[in-house]
Amino acid sequence: MSTVPGTPRTRASLTPATPTTARLAGSHVLQASPHYTTTRRHSLYGTEDRVVIDPGSRIWKVGFSGEGKPRDVFYADAKNHGSLWSWSRATDPVEKAEQDNMLAINLERCMRSVFHESLLAEPKARKVILVEHPLMPLYIKDMLAHILFSNLQVPSISFASSHLLCLLSVGRITGLVLDCGHLESTALPIFAARPLFPQLRTTPLAGSRFSSHIRALLLLFGSYLPPPATLSAAVNVPAANRTTRVPQEILTDVVIEDIKTRFDIRASSPTGDDPSDHEPPPSSDPAMSESEFSRGSLGQESAAESEFSIISHPTHPTSGGEARNENHLQVLANMYMRHSTATDLHMRVVPPVSQQTGTGRGTLIIPGWVRERAAEVLFEGGDVDESSVAEVILDALLKAMLPGFIPRLHTELLRATAPLNISSSRSRPTYDRYASLRPLVPHFAILNNPAPIPSSSARANVNAGKAPAFTPATMAWVGGSLAGALKTGGVEVAREKWDESDPSQTDQDDDVVMVLPTSEHVPRNVIPDWTRGPLPAGAPPAVALQLPPSPQPVGA
């Protein structure tokens with residue numbers, strides 16, 4: 001006799017319960033991530049983690065908060081590796097509007113790529129931490145906020161200073177942060193987690209100038225082996241007979257970036273027994289006047305390095321002056337070559353269109369001394385408009401409130417008001433711009449220095465090189481990840497607040513209509529801007545009011 005199978009029942013002795021952390025503490029397989037001590041799942045399984053975006057003019061870094069490195073790092077212009085924006089805008093209104101439209105299209109493309117390709121996350125459920133540069137133009141921040149709020153509809157955006165986040169990533173709240181970006185290098189002092197924006201110092205000597213300097217050095221001193229015309233020529237014709245000057249077509253932005261990241265090294269100043277070995281040759285070219293001035297004020301060794309500044313800004317002299325210029329640079333190249341320990345490197349590159357015969361790629365020969373001395377352009381001083389990286393740091397320290405400022409101010413006031421002594425003025429020493437900083441030299445310490453130099457100060461030895469080993473280029477993003485995990489950050493702007501501040505909306509109250517000017521796009525006031533201080537209490541701003549037309553009588 002057949003029986004009807006019954007529904008399986010759970011045994012009464014088994015009581016389902018949620019596994020506790022104590023039962024899983026000894027198992028490393030069930031841990032969510034090696035960075036966490038709990039089993040809470042992150043990122044793809046929950047929405048409490050914020051999206052951290054570091055939008056550079058050239059490279060973007062994106063990921064989730066609470067993680068130790070970005071999920072994705074990509075070029076904003078993936079095809080040409082160019083920059084999305086620059087610090088100069090067009091003056092013509094039509095051209096300016098065209099540039100802004102193209103920038104908005106590219107920013108929207110990058111933002112959509114962040115959520116839909118890099119992170120695979122729903123933007124409507126994710127708060128965003130936007131890492132902002134202190135000198136990022138306000139109209140670019142407004143474009144980013146408009147795309148995130150109106151297009152992707154994120155709940156809120158937190159704007160955080162990149163320099164402050166870099167300092168948080170090394171566990172400090174007070175320090176001086178130097179950010180070497182693509183467009184400029186910026187030094188900003190921070191005290192008690194408060195950026196001192198009025199003491200900010202900047203210089204255009206940064207990644208863009210570094211790239212153009214490498215390109216100019218390779219055009220002058222590099223060598224190029226074109227692909228052989230036939231396969232037999234590769235064996236029969238010596239390489240020395242095929243060597244030519246580097247064609248400009250092969251030095252694309254992609255090749256220059258590859259050279260910067262893979263082949264460049266930094267060497268110390270050349271040393272030798274004979275000081276005359278470091279003395280640059282005399283030059284009568286008028287184009288050398290600026291470098292000759294640097295030689296007289298900075299010394300012979302600094303002048304030898306600063307001579308390469310004319311390569312980044314080439315002039316067009318006469319044929320005789322150009323020959324003297326190249327001879328002068330060749331002597332400098334020989335000087336650096338004698339003290340170089342780096343070897344020449346051969347890099348395979350795509351040949352120009354005229355040389356693409358199907359027999360292979362060309363070979364770019366990078367001299368060893370170029371690899372060592374290409375970064376000298378960042379350390380050249382003496383220019384009022386383009387300070388070196390070291391001068392930017394010292395200028396920021398001079399402007400900051402140093403210990404003993406008030407006693408020093410009293411001494412300087414007494415010295416300035418003292419009667420002038422003619423005999424003492426003749427023996428007065430030369431002006432030392434950084435004399436007040438020299439007592440602090442033993443206390444200088446770079447937190448993320450991979451090879452710190454021992455100092456006479458015990459405090460400097462304790463601090464130097466003690467930062468976590470994060471990649472310097474990702475320290476701002478790591479700081480944003482840490483701020484998101486701690487539920488902190490900069491000024492947070494909610495989407496509701498953004499919608500309420502829309503200047504295109506009109507307020508209609510009975511018979512009065514408020515008309516706002518729409519001739520030019522005006523950034524909204526909810527975007528944080530440290531250059532705009534709070535307005536004092538007073539009368540509201542005047543707004544043009546337009547009365548509606550009076551109704552026409554019926555039958556008129």
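## Report on a predicted protein chain

An open sheet of 6 strands, with mixed pairing, follows the order β3-β2-β1-β4-β5-β13. Its edge strands are β3 and β13 (491-494), each of which pairs on one side only. From one strand to the next the twist averages 20°. Strands of a sheet pair through backbone hydrogen bonds, either parallel or antiparallel. Two strands are taken to pair if DSSP finds at least two bridges between them. Helices (H or I, at least four residues) and strands (E, at least two) are DSSP runs, numbered from the N terminus.

The model is predicted: local features need pLDDT of at least 70, side-chain atom pairs count only at pLDDT 80 or more, and totals for chains, interfaces and linings use all residues. Residues are numbered from 1 along each chain as its sequence is written, and side-chain values use heavy atoms, with hydrogens and water left out.

**The chain as a whole.** The secondary structure of the protein chain comes to 19 helices and 16 strands. Of its 556 residues, 38% count as buried; buried means under 20% relative accessible area, exposed over 50%, and partly exposed in between (1.4 Å probe, protein chains only). Among contacts (heavy atoms within 4.5 Å) in the protein chain between residues at least 6 apart in sequence, 67% join residues at least 24 apart.

**Around the sheet.** Strand β4 is joined by 5 bridges to β5 (residues 156-161), and the two run parallel. Leu 130 stands opposite Phe 159 in β5. Helix α3 packs on the sheet, where it touches β1, β2, β4, β5 and β13, and its direction makes about 150° with that of β5. Helix α4 (residues 162-169) also packs on the sheet; α4 touches β4 and β5, and its direction makes about 75° with that of β5. Axes are lines fitted to C-alpha atoms, for helices over the stretch in contact, and angles run from 0 to 180 degrees between N-to-C directions.

**Helix α2.** With 26 residues, α2 (residues 93-118) reaches 36 Å from its first C-alpha to its last, close to the 38 Å expected at 1.5 Å a residue. That expected span is 1.5 Å times one less than the number of residues. The buried residues of α2 include Asp 100, Leu 103, Met 111 and Phe 115. Its buried residues pack against β1 (51-55), β2 (59-64), β3 (72-75), β4 (128-132) and α3 (138-151).

**Helices α5 and α8.** Helix α5 (residues 207-221) and helix α8 (residues 253-262) pack at an angle of about 100°, with their axes 10 Å apart. The two are therefore roughly perpendicular to each other, a term that covers angles of 65 to 115 degrees. The contact involves, among others, Phe 210 and Arg 215 of α5 and Ile 256 and Lys 260 of α8.

**Residues with a positive phi.** Most residues other than glycine have a negative phi. The table lists residues with a positive value.

| Residue | Phi | Place |
|---|---|---|
| Leu 120 | about 50° | just after α2 |
| Gln 153 | near 60° | loop between α3 and β5 |
| Ala 192 | about 55° | loop between β7 (185-191) and β8 (194-195) |

Gln 153 counts as partly exposed because its relative accessibility is 32%. Ala 192 is partly exposed, with a relative accessible area of 26%.

**A buried loop residue.** Glu 380 lies in the loop between α13 (368-373) and α14 (389-399). At 12% relative accessibility, Glu 380 counts as buried. The C-alpha atoms of Glu 380 and Glu 391, 11 residues apart along the chain, are separated by 9.2 Å.

Definitions and conventions
Angles under 35 degrees count as roughly parallel, over 145 as roughly antiparallel, 65 to 115 as roughly perpendicular and the rest as oblique.
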